[in-house]
Amino acid sequence: MQIDNINNLLVLANLAQYMDLRSLIAECTEYDFKVMLEEKKPKSWLKSVSAFANGLGGSLFFGIDNDGIVKGLDDVQHVCEIISSRIRDYMDPLPEVEMIPHDIDGLHILQLKVNAGHYTPYYYIGDGQRIAFVRVGDESMPATAEQMVRLVLKGSNKTFDSLVTDYKAEDNTFVILANTFKKRTTQEWNKKFLVSFGLVTNSGVLTNAGALFADDCPLWQSRLYCTRWDGKDKSDAINDAEFTGNILLLLREAMNFVKSNTRRGWEKLPNGRKNKPEYAERAVLEAMVNHFIHRDYTVMGSEVHLDIYDDRLTITSPGGMYNGMLIQDLDIADVSSERRNPILANVMAQLDYMEKRGSGLTRICNETKALEGYKDELKPMFKSTPTQFQTIIFASYDTSNVGDHDGDMSETKLTERQQKILDLIKESPTITGKQMSETLSVSQRTIERDLSALQKIGILKHEGKDNDGIWIIVK
(Lines give C-alpha, C1' and ligand atoms only; values in the text may rest on other atoms or scores of the structure.)
Protein backbone atom coordinates (compact mmCIF):
# COMPACT_ATOMS: atom_id res chain seq x y z
CA MET A 1 0.00 0.00 0.00
CA GLN A 2 2.84 2.37 0.84
CA ILE A 3 4.53 1.55 -2.46
CA ASP A 4 1.31 2.36 -4.33
CA ASN A 5 1.06 5.72 -2.56
CA ILE A 6 4.68 6.53 -3.41
CA ASN A 7 4.09 5.67 -7.08
CA ASN A 8 1.00 7.85 -7.14
CA LEU A 9 2.96 10.74 -5.65
CA LEU A 10 5.66 10.31 -8.29
CA VAL A 11 3.07 10.33 -11.06
CA LEU A 12 1.49 13.50 -9.66
CA ALA A 13 4.92 15.14 -9.31
CA ASN A 14 5.83 14.30 -12.91
CA LEU A 15 2.44 15.58 -14.08
CA ALA A 16 2.91 18.86 -12.23
CA GLN A 17 6.40 19.18 -13.67
CA TYR A 18 5.04 18.50 -17.17
CA MET A 19 2.25 21.05 -16.74
CA ASP A 20 4.76 23.73 -15.65
CA LEU A 21 6.98 22.98 -18.64
CA ARG A 22 4.04 22.94 -21.03
CA SER A 23 2.95 26.39 -19.85
CA LEU A 24 6.46 27.68 -20.58
CA ILE A 25 6.79 26.27 -24.09
CA ALA A 26 3.21 27.30 -24.95
CA GLU A 27 4.47 30.89 -25.02
CA CYS A 28 7.30 30.07 -27.46
CA THR A 29 7.09 30.29 -31.24
CA GLU A 30 9.96 27.76 -31.47
CA TYR A 31 11.97 25.94 -28.84
CA ASP A 32 14.81 23.46 -28.30
CA PHE A 33 15.83 21.44 -25.24
CA LYS A 34 19.42 21.04 -24.04
CA VAL A 35 20.16 18.83 -21.06
CA MET A 36 23.35 20.83 -20.41
CA LEU A 37 25.40 23.69 -21.82
CA GLU A 38 28.19 22.43 -24.08
CA GLU A 39 30.84 25.07 -23.32
CA LYS A 40 33.44 23.66 -25.73
CA LYS A 41 30.94 23.07 -28.56
CA PRO A 42 29.07 26.38 -28.77
CA LYS A 43 27.93 25.73 -32.34
CA SER A 44 25.71 22.89 -31.06
CA TRP A 45 23.38 25.42 -29.42
CA LEU A 46 24.32 28.77 -31.02
CA LYS A 47 22.93 27.49 -34.34
CA SER A 48 19.50 27.56 -32.67
CA VAL A 49 20.15 31.10 -31.45
CA SER A 50 21.02 32.12 -35.03
CA ALA A 51 17.94 30.38 -36.45
CA PHE A 52 15.58 31.90 -33.87
CA ALA A 53 16.96 35.41 -34.48
CA ASN A 54 16.67 34.95 -38.25
CA GLY A 55 13.07 33.77 -37.90
CA LEU A 56 10.20 34.36 -35.52
CA GLY A 57 12.24 34.07 -32.35
CA GLY A 58 12.29 31.14 -29.94
CA SER A 59 13.70 29.74 -26.71
CA LEU A 60 16.41 27.32 -25.68
CA PHE A 61 15.73 25.48 -22.41
CA PHE A 62 18.87 24.27 -20.62
CA GLY A 63 18.45 21.51 -18.06
CA ILE A 64 15.86 19.51 -20.03
CA ASP A 65 16.64 16.45 -22.13
CA ASN A 66 15.38 15.75 -25.66
CA ASP A 67 12.39 13.84 -24.29
CA GLY A 68 11.23 16.88 -22.34
CA ILE A 69 12.28 15.43 -18.96
CA VAL A 70 13.53 18.08 -16.54
CA LYS A 71 17.01 17.18 -15.27
CA GLY A 72 18.03 20.55 -13.84
CA LEU A 73 21.28 22.55 -13.78
CA ASP A 74 23.83 22.61 -10.96
CA ASP A 75 24.92 26.26 -11.40
CA VAL A 76 22.53 28.50 -13.34
CA GLN A 77 24.68 31.60 -12.75
CA HIS A 78 27.69 29.95 -14.36
CA VAL A 79 25.62 28.86 -17.34
CA CYS A 80 24.36 32.45 -17.80
CA GLU A 81 27.91 33.81 -17.80
CA ILE A 82 29.13 31.26 -20.37
CA ILE A 83 26.12 31.91 -22.64
CA SER A 84 26.77 35.67 -22.58
CA SER A 85 30.45 35.13 -23.33
CA ARG A 86 29.87 32.71 -26.22
CA ILE A 87 27.23 34.92 -27.84
CA ARG A 88 29.63 37.88 -27.77
CA ASP A 89 32.44 35.78 -29.21
CA TYR A 90 30.60 33.73 -31.83
CA MET A 91 27.55 35.74 -33.02
CA ASP A 92 27.40 38.62 -35.51
CA PRO A 93 25.43 40.80 -35.18
CA LEU A 94 24.53 40.31 -31.56
CA PRO A 95 20.97 39.03 -31.19
CA GLU A 96 18.57 40.37 -28.59
CA VAL A 97 18.25 37.72 -25.86
CA GLU A 98 16.92 37.27 -22.34
CA MET A 99 18.02 34.68 -19.78
CA ILE A 100 15.19 33.61 -17.48
CA PRO A 101 15.74 31.08 -14.66
CA HIS A 102 12.87 28.78 -13.67
CA ASP A 103 12.30 26.25 -10.91
CA ILE A 104 10.28 23.16 -11.74
CA ASP A 105 9.63 20.90 -8.79
CA GLY A 106 12.82 22.03 -7.09
CA LEU A 107 15.00 21.64 -10.19
CA HIS A 108 16.68 24.68 -11.76
CA ILE A 109 16.47 25.28 -15.52
CA LEU A 110 17.39 28.25 -17.70
CA GLN A 111 15.37 29.68 -20.56
CA LEU A 112 17.42 31.52 -23.18
CA LYS A 113 14.78 33.58 -24.99
CA VAL A 114 15.86 34.86 -28.42
CA ASN A 115 13.79 37.65 -29.98
CA ALA A 116 13.12 37.85 -33.72
CA GLY A 117 15.89 40.01 -35.16
CA HIS A 118 15.61 43.20 -37.19
CA TYR A 119 19.12 43.08 -38.64
CA THR A 120 19.22 39.70 -40.35
CA PRO A 121 21.11 37.61 -41.18
CA TYR A 122 22.50 36.64 -37.77
CA TYR A 123 25.63 34.54 -38.23
CA TYR A 124 27.45 31.95 -36.17
CA ILE A 125 31.18 32.68 -36.55
CA GLY A 126 33.63 30.00 -35.50
CA ASP A 127 35.89 27.22 -36.75
CA GLY A 128 36.70 29.36 -39.79
CA GLN A 129 33.00 29.45 -40.71
CA ARG A 130 30.40 32.17 -41.05
CA ILE A 131 26.97 30.53 -41.21
CA ALA A 132 23.42 31.84 -40.90
CA PHE A 133 20.91 29.25 -39.70
CA VAL A 134 17.15 29.02 -40.24
CA ARG A 135 14.45 26.78 -38.81
CA VAL A 136 13.28 23.90 -40.97
CA GLY A 137 10.62 22.04 -39.03
CA ASP A 138 12.07 21.55 -35.56
CA GLU A 139 15.70 21.72 -36.69
CA SER A 140 18.17 24.56 -37.22
CA MET A 141 19.75 24.24 -40.66
CA PRO A 142 22.25 26.38 -42.65
CA ALA A 143 20.39 28.88 -44.82
CA THR A 144 20.33 28.18 -48.55
CA ALA A 145 21.38 30.81 -51.09
CA GLU A 146 17.74 31.76 -51.68
CA GLN A 147 17.05 32.00 -47.95
CA MET A 148 20.12 34.21 -47.57
CA VAL A 149 18.72 36.61 -50.16
CA ARG A 150 15.50 36.87 -48.16
CA LEU A 151 17.38 37.41 -44.90
CA VAL A 152 19.51 40.16 -46.42
CA LEU A 153 16.39 41.87 -47.80
CA LYS A 154 14.69 41.63 -44.43
CA GLY A 155 17.73 42.99 -42.61
CA SER A 156 18.01 45.95 -44.97
CA ASN A 157 14.27 46.63 -44.67
CA LYS A 158 13.77 46.04 -48.38
CA THR A 159 11.53 43.79 -50.42
CA PHE A 160 12.19 42.02 -53.71
CA ASP A 161 9.70 44.12 -55.64
CA SER A 162 11.32 47.37 -54.45
CA LEU A 163 14.84 46.49 -55.66
CA VAL A 164 16.15 48.55 -58.56
CA THR A 165 17.02 46.73 -61.78
CA ASP A 166 19.27 47.61 -64.71
CA TYR A 167 16.28 48.00 -67.06
CA LYS A 168 15.51 51.50 -68.28
CA ALA A 169 11.92 52.72 -68.37
CA GLU A 170 12.45 54.24 -71.82
CA ASP A 171 13.19 50.77 -73.22
CA ASN A 172 9.93 49.30 -71.90
CA THR A 173 6.22 49.85 -72.49
CA PHE A 174 3.23 49.50 -70.15
CA VAL A 175 0.30 49.24 -72.54
CA ILE A 176 -1.25 46.24 -70.76
CA LEU A 177 -1.08 48.04 -67.41
CA ALA A 178 -2.49 51.27 -68.85
CA ASN A 179 -5.40 49.52 -70.59
CA THR A 180 -6.18 47.46 -67.50
CA PHE A 181 -6.14 50.58 -65.34
CA LYS A 182 -8.58 52.41 -67.63
CA LYS A 183 -10.90 49.42 -67.91
CA ARG A 184 -11.08 48.61 -64.21
CA THR A 185 -11.03 52.13 -62.73
CA THR A 186 -12.70 54.10 -65.60
CA GLN A 187 -9.94 56.69 -65.09
CA GLU A 188 -7.35 57.90 -67.56
CA TRP A 189 -3.86 56.49 -67.27
CA ASN A 190 -1.01 58.86 -66.53
CA LYS A 191 2.65 57.94 -67.00
CA LYS A 192 3.38 59.67 -63.69
CA PHE A 193 1.70 56.70 -62.02
CA LEU A 194 4.75 54.59 -62.87
CA VAL A 195 6.81 56.59 -60.38
CA SER A 196 4.09 57.09 -57.76
CA PHE A 197 3.26 53.36 -57.82
CA GLY A 198 6.92 52.47 -57.27
CA LEU A 199 7.41 50.82 -60.67
CA VAL A 200 9.99 53.32 -61.95
CA THR A 201 12.56 55.31 -59.98
CA ASN A 202 13.03 59.05 -60.32
CA SER A 203 16.12 58.31 -62.40
CA GLY A 204 14.04 56.36 -64.93
CA VAL A 205 15.01 52.78 -63.99
CA LEU A 206 12.59 49.92 -63.38
CA THR A 207 12.18 48.29 -60.01
CA ASN A 208 11.46 44.56 -59.97
CA ALA A 209 7.79 45.46 -59.59
CA GLY A 210 8.06 47.62 -62.71
CA ALA A 211 9.70 44.74 -64.58
CA LEU A 212 6.81 42.45 -63.62
CA PHE A 213 4.24 44.92 -65.00
CA ALA A 214 6.19 45.78 -68.17
CA ASP A 215 4.67 44.46 -71.42
CA ASP A 216 7.74 42.38 -72.18
CA CYS A 217 8.53 41.33 -68.62
CA PRO A 218 12.25 40.40 -68.52
CA LEU A 219 12.00 38.38 -65.29
CA TRP A 220 11.92 34.79 -66.48
CA GLN A 221 10.78 33.40 -63.09
CA SER A 222 7.44 35.15 -63.68
CA ARG A 223 5.76 32.04 -65.09
CA LEU A 224 2.53 30.10 -64.93
CA TYR A 225 2.02 26.38 -65.60
CA CYS A 226 -1.58 25.25 -66.20
CA THR A 227 -2.75 21.64 -66.44
CA ARG A 228 -6.19 20.05 -66.79
CA TRP A 229 -5.90 16.51 -65.46
CA ASP A 230 -8.07 13.59 -66.49
CA GLY A 231 -9.62 12.50 -63.20
CA LYS A 232 -8.96 13.39 -59.58
CA ASP A 233 -5.19 12.94 -59.53
CA LYS A 234 -2.13 13.61 -61.67
CA SER A 235 -2.44 10.83 -64.22
CA ASP A 236 -3.05 11.83 -67.84
CA ALA A 237 -3.17 15.50 -68.83
CA ILE A 238 -6.10 16.50 -71.02
CA ASN A 239 -4.76 19.97 -71.65
CA ASP A 240 -1.79 22.05 -70.52
CA ALA A 241 -0.23 25.41 -71.21
CA GLU A 242 2.76 27.46 -70.08
CA PHE A 243 2.92 31.24 -69.92
CA THR A 244 5.76 33.64 -69.12
CA GLY A 245 5.97 37.37 -68.57
CA ASN A 246 3.74 40.28 -67.54
CA ILE A 247 1.86 39.58 -64.33
CA LEU A 248 -1.45 40.91 -65.70
CA LEU A 249 -1.07 38.72 -68.78
CA LEU A 250 -0.49 35.69 -66.57
CA LEU A 251 -3.62 36.53 -64.60
CA ARG A 252 -5.69 36.82 -67.77
CA GLU A 253 -4.36 33.55 -69.17
CA ALA A 254 -5.03 31.77 -65.88
CA MET A 255 -8.67 32.85 -65.90
CA ASN A 256 -9.07 31.90 -69.56
CA PHE A 257 -7.60 28.47 -68.85
CA VAL A 258 -10.01 27.92 -65.96
CA LYS A 259 -12.99 28.97 -68.08
CA SER A 260 -11.95 26.68 -70.92
CA ASN A 261 -11.23 23.66 -68.75
CA THR A 262 -13.97 23.55 -66.13
CA ARG A 263 -17.46 22.17 -66.43
CA ARG A 264 -20.63 24.11 -66.15
CA GLY A 265 -24.24 23.05 -65.91
CA TRP A 266 -27.49 24.83 -66.63
CA GLU A 267 -31.15 24.62 -65.82
CA LYS A 268 -33.96 25.32 -68.24
CA LEU A 269 -35.89 28.56 -67.87
CA PRO A 270 -39.02 29.66 -69.76
CA ASN A 271 -36.99 32.02 -71.94
CA GLY A 272 -33.63 30.30 -72.07
CA ARG A 273 -31.29 28.72 -69.54
CA LYS A 274 -29.43 29.65 -66.38
CA ASN A 275 -25.74 28.85 -66.18
CA LYS A 276 -24.58 27.09 -63.01
CA PRO A 277 -20.79 27.49 -62.84
CA GLU A 278 -18.60 24.89 -61.20
CA TYR A 279 -16.48 27.57 -59.53
CA ALA A 280 -17.13 31.15 -58.46
CA GLU A 281 -15.18 33.31 -60.91
CA ARG A 282 -14.43 35.94 -58.26
CA ALA A 283 -13.10 33.28 -55.89
CA VAL A 284 -10.72 31.92 -58.54
CA LEU A 285 -9.65 35.44 -59.52
CA GLU A 286 -8.97 36.35 -55.89
CA ALA A 287 -6.93 33.18 -55.43
CA MET A 288 -4.85 33.74 -58.56
CA VAL A 289 -4.15 37.36 -57.59
CA ASN A 290 -3.15 36.22 -54.12
CA HIS A 291 -0.61 33.75 -55.51
CA PHE A 292 0.90 36.15 -58.05
CA ILE A 293 1.25 38.92 -55.46
CA HIS A 294 2.47 36.97 -52.45
CA ARG A 295 4.70 34.40 -54.16
CA ASP A 296 8.43 34.42 -53.50
CA TYR A 297 10.14 35.76 -56.62
CA THR A 298 13.60 35.19 -55.14
CA VAL A 299 13.19 31.46 -55.80
CA MET A 300 14.75 31.13 -59.24
CA GLY A 301 13.43 28.45 -61.57
CA SER A 302 10.03 28.54 -59.91
CA GLU A 303 6.52 29.33 -61.08
CA VAL A 304 2.85 29.37 -60.11
CA HIS A 305 1.07 26.08 -60.84
CA LEU A 306 -2.64 25.86 -61.66
CA ASP A 307 -3.93 22.28 -61.62
CA ILE A 308 -7.55 21.46 -62.46
CA TYR A 309 -9.04 18.08 -61.56
CA ASP A 310 -12.55 16.68 -61.91
CA ASP A 311 -13.52 17.75 -58.40
CA ARG A 312 -11.24 20.67 -57.52
CA LEU A 313 -8.63 23.14 -58.68
CA THR A 314 -5.40 23.85 -56.83
CA ILE A 315 -3.04 26.80 -57.09
CA THR A 316 0.49 26.42 -55.76
CA SER A 317 3.21 29.06 -55.58
CA PRO A 318 6.75 29.26 -54.15
CA GLY A 319 7.12 30.77 -50.71
CA GLY A 320 5.18 30.06 -47.53
CA MET A 321 3.59 32.63 -45.25
CA TYR A 322 5.73 35.78 -45.14
CA ASN A 323 5.79 35.74 -41.33
CA GLY A 324 6.90 32.11 -41.32
CA MET A 325 3.71 30.72 -39.76
CA LEU A 326 1.57 27.93 -41.24
CA ILE A 327 -1.78 29.03 -42.67
CA GLN A 328 -3.47 25.76 -41.62
CA ASP A 329 -2.72 26.61 -38.00
CA LEU A 330 -4.45 29.99 -38.21
CA ASP A 331 -8.00 31.32 -38.37
CA ILE A 332 -8.12 32.91 -41.83
CA ALA A 333 -10.37 35.66 -40.48
CA ASP A 334 -7.49 36.79 -38.28
CA VAL A 335 -4.62 36.44 -40.78
CA SER A 336 -2.56 39.63 -40.84
CA SER A 337 -1.98 41.51 -44.08
CA GLU A 338 1.82 41.26 -44.01
CA ARG A 339 3.00 41.31 -47.61
CA ARG A 340 6.11 39.90 -49.18
CA ASN A 341 5.72 42.23 -52.18
CA PRO A 342 3.96 45.41 -50.98
CA ILE A 343 4.42 47.33 -54.26
CA LEU A 344 2.76 44.57 -56.28
CA ALA A 345 -0.04 44.41 -53.73
CA ASN A 346 -0.56 48.18 -53.88
CA VAL A 347 -0.74 48.24 -57.68
CA MET A 348 -3.25 45.37 -57.72
CA ALA A 349 -5.30 47.25 -55.13
CA GLN A 350 -5.21 50.34 -57.37
CA LEU A 351 -6.50 48.13 -60.20
CA ASP A 352 -9.31 46.89 -57.92
CA TYR A 353 -8.08 43.31 -58.03
CA MET A 354 -7.64 43.08 -54.27
CA GLU A 355 -8.34 44.94 -51.05
CA LYS A 356 -5.66 46.45 -48.87
CA ARG A 357 -7.10 45.11 -45.63
CA GLY A 358 -6.01 41.53 -46.37
CA SER A 359 -9.44 39.89 -46.69
CA GLY A 360 -8.65 37.82 -49.80
CA LEU A 361 -8.86 34.37 -48.19
CA THR A 362 -12.18 35.20 -46.57
CA ARG A 363 -13.55 36.42 -49.88
CA ILE A 364 -12.52 33.18 -51.61
CA CYS A 365 -14.55 31.26 -49.02
CA ASN A 366 -17.55 33.61 -49.15
CA GLU A 367 -17.74 33.66 -52.95
CA THR A 368 -17.56 29.87 -53.06
CA LYS A 369 -20.17 29.54 -50.32
CA ALA A 370 -22.62 31.65 -52.35
CA LEU A 371 -22.70 29.12 -55.21
CA GLU A 372 -25.69 26.87 -55.69
CA GLY A 373 -24.87 23.36 -54.59
CA TYR A 374 -22.36 24.44 -51.95
CA LYS A 375 -21.86 22.20 -48.92
CA ASP A 376 -19.72 22.70 -45.83
CA GLU A 377 -17.32 19.99 -46.94
CA LEU A 378 -16.62 22.04 -50.08
CA LYS A 379 -15.12 24.93 -48.13
CA PRO A 380 -11.84 26.07 -49.76
CA MET A 381 -8.66 24.88 -48.08
CA PHE A 382 -5.36 26.71 -47.61
CA LYS A 383 -2.09 24.94 -46.90
CA SER A 384 1.45 26.21 -46.48
CA THR A 385 4.94 24.99 -45.73
CA PRO A 386 8.06 27.10 -45.26
CA THR A 387 8.61 26.87 -49.03
CA GLN A 388 5.18 26.99 -50.69
CA PHE A 389 1.54 28.06 -50.40
CA GLN A 390 -1.45 26.22 -51.83
CA THR A 391 -5.11 27.10 -52.33
CA ILE A 392 -7.65 24.34 -52.99
CA ILE A 393 -11.12 25.26 -54.30
CA PHE A 394 -13.62 22.43 -54.66
CA ALA A 395 -16.22 22.14 -57.42
CA SER A 396 -19.63 23.39 -56.35
CA TYR A 397 -21.40 20.17 -57.31
CA ASP A 398 -20.64 16.52 -57.93
CA THR A 399 -19.05 16.06 -61.35
CA SER A 400 -18.52 12.34 -61.11
CA ASN A 401 -21.40 11.67 -63.51
CA VAL A 402 -20.11 13.90 -66.27
CA GLY A 403 -20.56 12.16 -69.59
CA ASP A 404 -23.72 10.32 -68.54
CA HIS A 405 -27.01 11.38 -70.05
CA ASP A 406 -30.46 10.26 -69.10
CA GLY A 407 -32.36 12.42 -71.55
CA ASP A 408 -32.54 15.49 -69.35
CA MET A 409 -30.35 18.09 -71.05
CA SER A 410 -30.74 20.47 -68.11
CA GLU A 411 -28.36 18.27 -66.06
CA THR A 412 -25.63 18.09 -68.71
CA LYS A 413 -22.32 19.61 -67.61
CA LEU A 414 -19.99 20.97 -70.27
CA THR A 415 -16.58 22.54 -70.25
CA GLU A 416 -16.13 26.00 -71.68
CA ARG A 417 -14.17 24.46 -74.53
CA GLN A 418 -16.94 21.97 -75.33
CA GLN A 419 -19.40 24.85 -75.55
CA LYS A 420 -17.04 26.62 -77.96
CA ILE A 421 -16.90 23.47 -80.08
CA LEU A 422 -20.71 23.48 -80.31
CA ASP A 423 -20.62 27.15 -81.31
CA LEU A 424 -18.06 26.41 -84.04
CA ILE A 425 -20.21 23.57 -85.41
CA LYS A 426 -23.25 25.84 -85.43
CA GLU A 427 -21.35 28.44 -87.44
CA SER A 428 -19.76 25.93 -89.81
CA PRO A 429 -21.29 22.42 -89.87
CA THR A 430 -18.48 21.12 -92.12
CA ILE A 431 -15.65 22.27 -89.86
CA THR A 432 -13.00 19.61 -89.32
CA GLY A 433 -11.34 18.52 -86.10
CA LYS A 434 -8.06 20.00 -87.32
CA GLN A 435 -9.71 23.36 -87.92
CA MET A 436 -11.27 23.28 -84.43
CA SER A 437 -7.85 22.46 -83.00
CA GLU A 438 -6.26 25.44 -84.73
CA THR A 439 -9.09 27.81 -83.79
CA LEU A 440 -9.10 26.86 -80.10
CA SER A 441 -5.32 26.41 -79.83
CA VAL A 442 -5.49 22.88 -78.41
CA SER A 443 -4.34 19.50 -79.69
CA GLN A 444 -6.43 17.41 -82.10
CA ARG A 445 -6.45 14.66 -79.49
CA THR A 446 -8.16 17.04 -77.06
CA ILE A 447 -10.76 17.96 -79.70
CA GLU A 448 -11.41 14.27 -80.41
CA ARG A 449 -11.93 13.62 -76.68
CA ASP A 450 -14.48 16.43 -76.46
CA LEU A 451 -16.32 15.38 -79.63
CA SER A 452 -16.54 11.83 -78.33
CA ALA A 453 -17.86 13.05 -74.96
CA LEU A 454 -20.48 15.24 -76.64
CA GLN A 455 -21.53 12.34 -78.81
CA LYS A 456 -21.77 10.01 -75.82
CA ILE A 457 -24.16 12.29 -73.92
CA GLY A 458 -26.31 12.75 -76.98
CA ILE A 459 -25.59 16.37 -77.85
CA LEU A 460 -23.76 15.55 -81.09
CA LYS A 461 -24.03 12.84 -83.68
CA HIS A 462 -21.68 12.07 -86.54
CA GLU A 463 -22.78 11.38 -90.10
CA GLY A 464 -20.52 10.12 -92.84
CA LYS A 465 -17.22 8.27 -92.80
CA ASP A 466 -14.49 9.39 -90.45
CA ASN A 467 -12.97 12.70 -91.53
CA ASP A 468 -15.32 13.00 -94.51
CA GLY A 469 -18.39 13.14 -92.31
CA ILE A 470 -19.96 16.03 -90.46
CA TRP A 471 -21.05 16.66 -86.89
CA ILE A 472 -24.71 17.45 -86.27
CA ILE A 473 -26.07 19.07 -83.11
CA VAL A 474 -29.02 17.09 -81.83
CA LYS A 475 -32.01 19.36 -81.24
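**Exercise 1. The nonpolar cores**

Find how many residues the largest nonpolar core has, and which of them have the most contacts inside it.

*Solution.* Start with the count: the largest nonpolar core of this predicted model is built from 67 residues. Next, look for the residues with the most contacts inside that core: they are Leu177, Leu199, Phe213, Met288, Leu306 and Met348. A separate core of 24 residues lies apart from it, and its members include Trp45, Ala53, Phe62 and Leu112.

Now pick Leu306 and list what it is in contact with, leaving aside neighbours within four places in sequence.

*Solution.* Going along the chain, the partners of Leu306 begin with Leu224, Tyr225, Cys226 and Thr227. Ala254, Phe257, Val258 and Met288 come next. Leu313, Thr314 and Ile315 complete the list for Leu306.

**Exercise 2. One face of helix 5**

Work out where the buried residues of helix 5 fall when seen down its axis, and what they pack against.

*Solution.* First, mark the buried residues of helix 5 (residues 175-185): Leu177, Ala178, Thr180, Phe181 and Thr185. Second, look down the helix axis: these buried residues fall within an arc of 165 degrees, so they line one face of helix 5. Third, follow that buried set to its partners, which are helix 6 (193-196), helix 7 (208-213), helix 8 (247-260) and helix 10 (342-350). Last, step past the end of the helix to Thr186, which has a positive phi near 60 degrees.

**Exercise 3. Two sides of helix 14**

Compare the span of helix 14 with the expected one, then sort its residues into buried and exposed.

*Solution.* Begin with length: helix 14 (residues 444-456) has 13 residues and reaches 18 Å from its first C-alpha to its last, close to the expected 18 Å. Then sort the residues. Thr446, Ile447, Asp450, Leu451 and Leu454 are buried. Down the axis, the buried residues of helix 14 stay within an arc of 135 degrees, so they line one face of the helix. On the face turned away from that buried side you will find the exposed residues Arg445, Glu448 and Lys456.

For the packing partners, the buried residues of helix 14 meet helix 12 (416-427) and helix 13 (433-440), along with strand 12 (236-244), strand 19 (414-415), strand 20 (460-463) and strand 21 (470-473). After the helix comes Gly458, with a positive phi near 85 degrees.

**Exercise 4. A loop residue**

Is Leu163 buried, partly exposed or exposed?

*Solution.* Locate Leu163 in the loop between helix 4 (145-155) and strand 9 (164-168). Its relative accessible area is 27%. Buried requires under 20% and exposed over 50%, so Leu163 counts as partly exposed. Not counting residues up to four places away in sequence, Leu163 touches Leu153, Lys158, Leu206, Thr207 and Asn208. As for Leu199, it is 36 residues from Leu163 in sequence, with 10.0 Å between their C-alpha atoms.

**Exercise 5. Reading the confidence**

Which elements have the lowest and the highest mean pLDDT?

*Solution.* Take the whole protein first: its mean pLDDT is 86, with 88% of residues at 70 or more. Then go element by element: helix 1 (residues 2-25) has the lowest mean, 54, and strand 10 (residues 205-207) the highest, 98. Finally, check stretches with pLDDT under 50. Residues 9-16 form one such stretch, with one contact beyond four places in sequence in the model. Residues 399-411 also stay below 50, and this stretch has 18 contacts beyond near neighbours in sequence.

Key
Residues numbered from 1 in each chain as written. Predicted model: local features only at pLDDT ≥ 70, side-chain atom pairs only at ≥ 80, totals over all residues. Heavy atoms only, no water. Core = buried A, V, L, I, M, F, W, Y, C linked by side-chain atoms within 4.5 Å. Buried < 20%, exposed > 50% of the residue type's maximum accessible area, 1.4 Å probe, protein only. Contact = heavy atoms within 4.5 Å. pLDDT = per-residue confidence, 0-100. Helix = DSSP H or I, 4+ residues; strand = E, 2+ residues; numbered from the N terminus. Expected span 1.5 Å × (residues − 1). Arc of directions from axis to C-beta.
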